[in-house]
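Me: I should like a close examination of a single helix in this model and of the elements around it. Please keep the account connected and confined to the geometry and the contacts.

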Amino acid sequence: MLKIDHLSTSYKTIDGDVHVIKDLDFEIYENEIFGIAGESGCGKTTLLKTLYDIVEFPLVIDQGKVILSGEKNGQPFSFESGQIRKTWWNNISYVPQAAQSVLNPIVRLKKQFLDSIPKSQRKNETPKQTLDRVAKYLEELSLSPDVLEAYPFQLSGGMRQRVIIALATFMSPNVILADEPTTALDVVVQRGILMMLMRLQKQLKNTLVIVSHDMGVHYQITDRMAIMYSGSIVELGKTEDIFNDPVHPYTTMLVGSLPRVGDKSQKVGIPGRPPALTNPPPGCRFAPRCPHATDRCRQEVPQFREVKPGRFAACHLLNEEVQKNG
Ligand code: SF4
């Protein structure tokens, strides 16, 4: 469905290139909720923008591509980086970070819905007919169609977020990309938004990709997830396996630092900071913080490989173990 094929990107700056994504190579499947986790500045949002084909200077793709493919209404489709934007809303849609501020606060929502739905997708309808369809869809999502008459500033943050999700999913896209969809919302509203996203994914049987720094979000709703560190994916696998049996040293420390119900042990964060993307260390980028780092780690970039069935990681230690065990 979404193939990320040896993708590398960078930002061109007057001080030189800042490599934000390094040789990512993995797939996101049909009918799954896929999470992308990692600390702030690790490249999650840049990756999501690249998946959605928002690659505008100073961001450039240095190598590789993204391929979006599948079938809709019995018709197969396939788009690569540079073409994916042609199919925005129809095959892929995006719920941006701070989505609530995307809505124009002084324009009624019905106009914003009409302006956002491409004419080609309106099936020769009058604006009233399209709005009737939107109203019906809002009802299906347990939202009152009355919101169409409202201005965004009249709605709560949680309600604005629900409206944005309704807008992004109105045309039943095959893939929905959501960037930090619950940030800046209180815990109860967060849960409601996550439940809404899960329900929609089940209903549409499509692919939902969620970027969040909050591991709790991934634990609650994702099927598989990737852990990013300093522009690379260091571990990828089923979410329950990553939480129950993390294999990469970074993931192990990250999961070990999370509070758990009934666990009274003292939790400590991961010592040190991620490296600056302007000047990353050679070799493994986690080496300066890794308790298992060796000279090889400090010199050679570890390969991202399958270390257990369905589990991928980028670590010399794990790769050596795999080689040893044949
Ligand atoms: Fe640690 Fe080396 Fe593995 Fe990097 S490659 S995570 S430094 S053991």
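Against which elements do the buried residues of α4 pack?

Reply: In this predicted model, the buried residues of α4 pack against two strands, β6 (92-95) and β7 (175-179), and against the helices α2 (109-116), α3 (127-140) and α5.

The helix itself may be described before its neighbours. Helix α4 comprises residues 157-169. It has 13 residues and reaches 19 Å from its first C-alpha to its last, close to the 18 Å expected at 1.5 Å a residue. Helix α4 is mostly covered, since ten of its 13 residues are buried. These are G158, R160, Q161, V163, I164, I165, A166, L167, A168 and T169.

Two helix neighbours can be treated in detail, beginning with α5. Helix α5 spans residues 187-204, and its axis lies 10 Å from that of α4, at an angle of about 15 degrees. Angles under 35 degrees count as roughly parallel, and α4 and α5 are therefore roughly parallel to each other. Their crossing is right-handed. On the α4 side, the contact is made by G158, Q161, R162, I165, A166 and T169; on the α5 side, by V189, G192, I193, M196, L197, L200 and L204. By class, the residues of this contact divide into eight nonpolar, four polar and one charged.

The second neighbour is α2. The axes of α2 and α4 come within 10 Å and cross at roughly 30 degrees, which makes α2 roughly parallel to α4. This crossing, too, is right-handed. Here L109, F113 and S116 of α2 meet V163, A166 and L167 of α4. The contact of α2 with α4 holds five nonpolar residues, one polar residue and no charged residue. A166 of α4 takes part in the contact with α5 and also in the contact with α2.

Helix α3, another element against which the buried residues of α4 pack, is in turn packed against α2. The axes of α2 and α3 are 10 Å apart, at an angle of about 105 degrees, so α2 is roughly perpendicular to α3. K110, F113 and L114 of α2 form this contact with P127, T130, L131, V134 and L138 of α3. Its residues divide into six nonpolar, one polar and one charged. F113 of α2 thus appears in the contact with α3 as well as in the contact with α4.

How values were computed
Residues numbered from 1 in each chain as written. Predicted model: local features only at pLDDT ≥ 70, side-chain atom pairs only at ≥ 80, totals over all residues. Heavy atoms only, no water. Axes fitted to C-alpha atoms, helices over the stretch in contact; angles between N-to-C directions. Helix = DSSP H or I, 4+ residues; strand = E, 2+ residues; numbered from the N terminus. Parallel < 35°, antiparallel > 145°, perpendicular 65-115°, else oblique. Left-handed = near helix turned anticlockwise from the far one by under 90°. Contact = heavy atoms within 4.5 Å. Nonpolar A, V, L, I, M, F, W, Y, C, P; charged D, E, K, R; others polar. Expected span 1.5 Å × (residues − 1). Buried < 20%, exposed > 50% of the residue type's maximum accessible area, 1.4 Å probe, protein only.
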